[in-house]
Amino acid sequence: MDPEAEAKHTGTAARLQARRGEITGSNTGIATGVYCNLVVVPQEFAADFRQPCLRNPVCLPLLEQTDPGARKSKLAAGSDISTDIPRYNNYQDGKLHSAGVSNITAQWSDEHVGFLLGCSFTFEIGLAAADPRLTARNMAEGKAPPVYVTSVQLNPSGVFTGACMVVSMRWYRKDDIPRVRAVTARFSRQHGEPVAWGWEGAEYLGVADRLKAKAVDFGEWVEPVDGEVPVFWGCGVTGEIALRAAKIPGVSMTHYSGTMFVTDLTAEEVENRGPRLEPLSPAITEDARDNGLA
């Protein structure tokens with residue numbers, strides 16, 4: 001790739017495009033940097049939210065926690081987390097107040113703390129690089145992947161109790177699943193390998209009926225082709241579902257599903273910043289293995 005073309009695919013370029021309002025939909029595949037989900041909570045609940053991240057690392061792989069009031073990410077030079085994502089959601093007392101807004105600058109006070117969480121958009125780039133045949137169809141079509149709220153309970157912590165794991169889904173042929181697992185397992189801080197796959201996996205997670213109806217909870221529907229089965233990964237939208245379940249008072253914020261913050265780091269650099277995460281969430285490991293899903 002020539003230098004001019006490469007510059008258009010940096011995290012800096014992606015953030016500036018979002019800041020200027022040039023991207024309003026899914027930004028999967030737009031840059032080569034690590035993608036992040038976002039959750040912003042009042043400072044008094046920051047410790048409570050950090051603990052579910054540590055207890056549920058597959059769904060909520062924590063990459064950065066900001067200082068109170070700080071909107072610049074240490075993972076992205078010159079960034080402003082409140083403007084550099086294409087769209088955001090605002091919550092008031094745990095209820096969705098406004099969806100898909102272009103920035104959250106006015107809502108982000110000196111008493112707010114931001115959490116950047118790993119995102120599957122990063123391993124989508126890794127899959128495409130490993131083998132073009134493994135390119136996620138949603139990425140090829142410029143869509144966010146289908147996302148579902150499962151019936152699998154998260155490990156609770158503090159006020160963050162009663163929420164369920166969220167998963168993203170991509171279609172693959174059964175013969176390709178071992179390779180898909182191997183590639184995505186290397187991205188342990190971007191949700192890692194799948195938590196379940198096949199229609200048995202869909203039943204286990206409690207999402208089979210919605211799949212059959214071509215319905216989604218978040219993201220966009222992607223049509224399968226003959227011979228493909230659903231493959232599911234932990235998803236950072238879990239943080240938003242945890243917010244809703246906790247009903248914490250005051251203003252909280254998240255990214256809008258399918259639109260992400262892009263850092264300056266590569267996946268390899270992120271992996272080297274801290275310990276590797278477990279391949280499956282402790283909340284589902286044993287059951288998944290018992291049911292042949294892991």
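These legends go with several close-up views of a predicted model.

**View 1. Histidine H112 and its surroundings.**
Start with H112, which you will find in strand β5, a stretch covering residues 112-118. Is H112 buried or exposed? With a relative accessible area of 6%, H112 is buried, because the cut-off for buried is under 20%. Its side chain makes a polar contact with the side chain of S109, at 2.9 Å. Now look beyond the neighbours within four places in sequence: H112 is also in contact with V40, V41, P42 and Q43, with D67, P68 and G69, and with Q107, V251 and M253.

**View 2. Three salt bridges, one pair at a time.**
How many salt bridges does the structure hold? There are 15 salt bridges, and this view picks out a few of them. In one, K212 joins E203, with the closest N and O atoms 3.9 Å apart. K212 is exposed, at a relative accessible area of 56%, while E203 is partly exposed, at 49%.

Next comes the salt bridge between R210 and D217, where the closest N and O atoms are 2.4 Å apart. R210 is partly exposed, with a relative accessible area of 23%, and D217 also counts as partly exposed, at 31% relative accessibility.

The last pair in this view is E223 with K214, a salt bridge whose closest N and O atoms are 3.0 Å apart. Here E223 counts as partly exposed at 38% relative accessibility, and K214 is partly exposed with a relative accessible area of 46%.

**View 3. A network of salt bridges.**
Salt bridges can also be joined up. Which residues are linked in a network of salt bridges? They are D131, R133, D176 and R179. Try finding these four side chains in the structure above, and then trace the links of the network among them.

**View 4. Aromatic rings meeting.**
The count of aromatic pairs comes to six. One of them is formed by F49 and F160, whose ring centres are 5.3 Å apart and whose planes stand at 75 degrees, an edge-to-face pair. Where do these two rings sit in the chain? F49 is in helix α3 (residues 46-55), and F160 is in the loop between β6 (147-153) and β7 (164-173), so the pair links distant parts of the chain, 111 residues apart. F49 counts as buried at 0% relative accessibility, and F160 counts as buried at 5%.

Another pair brings together W171 and W199, with ring centres 6.2 Å apart. Their planes are at 50 degrees, so this pair is tilted. Distant parts of the chain are linked here too: W171 lies in strand β7 and W199 in helix α7 (residues 198-205), 28 residues apart. Their surroundings can be read from the accessibility values: W171 is buried, with a relative accessible area of 8%, whereas W199 is partly exposed, at 32%.

To finish this view, go back to F49 and F160 and add F115: ring pairs link F49, F115 and F160 into a cluster.

**View 5. A charge over a ring.**
Here the residues to find are R87 and Y256. The charged end of R87 sits over the ring of Y256, 4.0 Å from the centre of that ring.

**View 6. An open sheet of four strands.**
In what order do the strands of this sheet come? The order is β6-β7-β9-β8, and the pairing is antiparallel. At the edges stand β6 and β8 (196-197), each with a single partner strand, so one side of each is left without a neighbour in the sheet.

Follow the pairing strand by strand. β6 and β7 pair in the antiparallel sense over four bridges. Among the bridge partners, Y148 is matched with V167 in β7, and V149 is matched with V166 in β7. On to the next neighbour: β7 and strand β9 (residues 228-234) pair in the antiparallel sense over seven bridges. One example is R173, whose bridge partner in β9 is E228.

How covered is β7? This strand is mostly covered, with nine of its ten residues buried. As you look along the strands, remember a general pattern: in a regular strand, side chains alternate between the two faces of the sheet.

How values were computed. Residues are numbered from 1 along each chain as its sequence is written. This is a predicted model: local features need pLDDT of at least 70, side-chain atom pairs count only at pLDDT 80 or more; totals for chains, interfaces and linings use all residues. Side-chain values use heavy atoms; hydrogens and water are left out. Buried means under 20% relative accessible area, exposed over 50%, partly exposed in between (1.4 Å probe, protein chains only). A polar contact is a pair of N or O atoms within 3.5 Å; within protein, one must be able to donate a hydrogen and the other to accept it, and residues adjacent in sequence count only if both atoms are side-chain atoms. Contact means heavy atoms within 4.5 Å. Rings of Phe, Tyr and Trp (its six-membered ring) pair if their centres lie within 6.5 Å; planes under 30 degrees apart count as stacked, over 60 as edge-to-face and the rest as tilted. A charge sits over a ring if NZ of Lys or CZ of Arg is within 6 Å of the ring centre and within 35 degrees of the ring normal. Two strands pair if DSSP finds at least two bridges between them.
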